[in-house]
Amino acid sequence: QVQLVESGGGLVQAGGSLRLSCAASGPTFSSYAMGWFRQAPGKEREFVAVISWSGANTYYADSVKGRFTISRDNAKNMVYLQMNDLKPEDTADYYCAAGPYYNNYREYDYWGRGTQVTVSS
């Protein structure tokens, strides 16, 4: 069992940056890949980024590649999403999830409650 709590969301102007954090609890955290997903109002949840259990491998959605960076610190049970050059279309609720190294949200086992990111133009 893994419990996840996101933080770091907020309101930012276009071109700005935010760093999302995901605090995990549970003895098996380091055995899971960790993903970030987002969901805008009226839209399906979409993949943002995933990092392997060791942190050695990462994969990004094309829409965020080059702007967002996912990282993890297994010693602290933390996962991060550094978001730079934010755009209004990045506005969404952001969720971290524990599961397989995959980009389909349906494959993930554990979810946080999300943190809201709003980017103004």
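Cys-96 has a relative accessibility of 0%, so this residue counts as buried, the cut-off being under 20%. Keep in mind as you read that this is a predicted model. Cys-22 is buried as well, because its relative accessibility is also 0%.

**The disulfide**

What do Cys-22 and Cys-96 form? They form a disulfide, with 2.0 Å between their sulfur atoms. As a reminder, a disulfide is a covalent bond between the sulfur atoms of two cysteines. The link of Cys-22 and Cys-96 is right-handed, with 50° about the S-S bond. Distant parts of the chain are linked by this pair: Cys-22 sits in strand S3 (residues 18-25) and Cys-96 in strand S9 (residues 92-99), with the two cysteines 74 residues apart. The disulfide count for the model comes to 1.

**The open sheet around S3**

Strand S3, the home of Cys-22, also belongs to an open sheet. That sheet is built from 4 strands in the order S1-S3-S8-S7, with antiparallel pairing. Which strands are at its edges? They are S1 (3-7) and S7 (68-73), each of which pairs on one side only. On average, neighbouring strands of this sheet are turned by 15° against each other, direction ignored. Looking at S1 and S3, you will find 5 bridges between these antiparallel strands. Ser-7 has Ser-21 in S3 as its bridge partner.

**Strand S5 and its two neighbours**

Now for another part of the model. Is strand S5 (residues 46-51) largely enclosed or largely open? Strand S5 is largely enclosed by the rest of the structure, because 5 of its 6 residues are buried. S5 pairs with S4 (residues 33-39) in the antiparallel sense, and S5 is also antiparallel to S6 (residues 58-60). The table sets the two pairings side by side.

| Pairing | Bridges | A bridge pair | Residues between the strands | Glycine with positive phi |
|---|---|---|---|---|
| S4 and S5 | 5 bridges | Arg-38 and Glu-46 | 6 residues | Gly-42, near 80° |
| S5 and S6 | 3 bridges | Val-50 and Tyr-59 | 6 residues | Gly-55, near 90° |

If you would like to find these features in the viewer, start with the hairpin of S4 and S5, where Gly-42 takes a positive phi near 80°. From there, follow S5 to Val-50, whose bridge partner in S6 is Tyr-59. Between S5 and S6 lies the hairpin that holds Gly-55, with a positive phi near 90°. In a regular strand, by the way, side chains alternate between the two faces of the sheet.

How values were computed
Residues numbered from 1 in each chain as written. Predicted model: local features only at pLDDT ≥ 70, side-chain atom pairs only at ≥ 80, totals over all residues. Heavy atoms only, no water. Buried < 20%, exposed > 50% of the residue type's maximum accessible area, 1.4 Å probe, protein only. Pairing = 2+ DSSP bridges. Disulfide = S-S within 2.5 Å. Axes fitted to C-alpha atoms, helices over the stretch in contact; angles between N-to-C directions.
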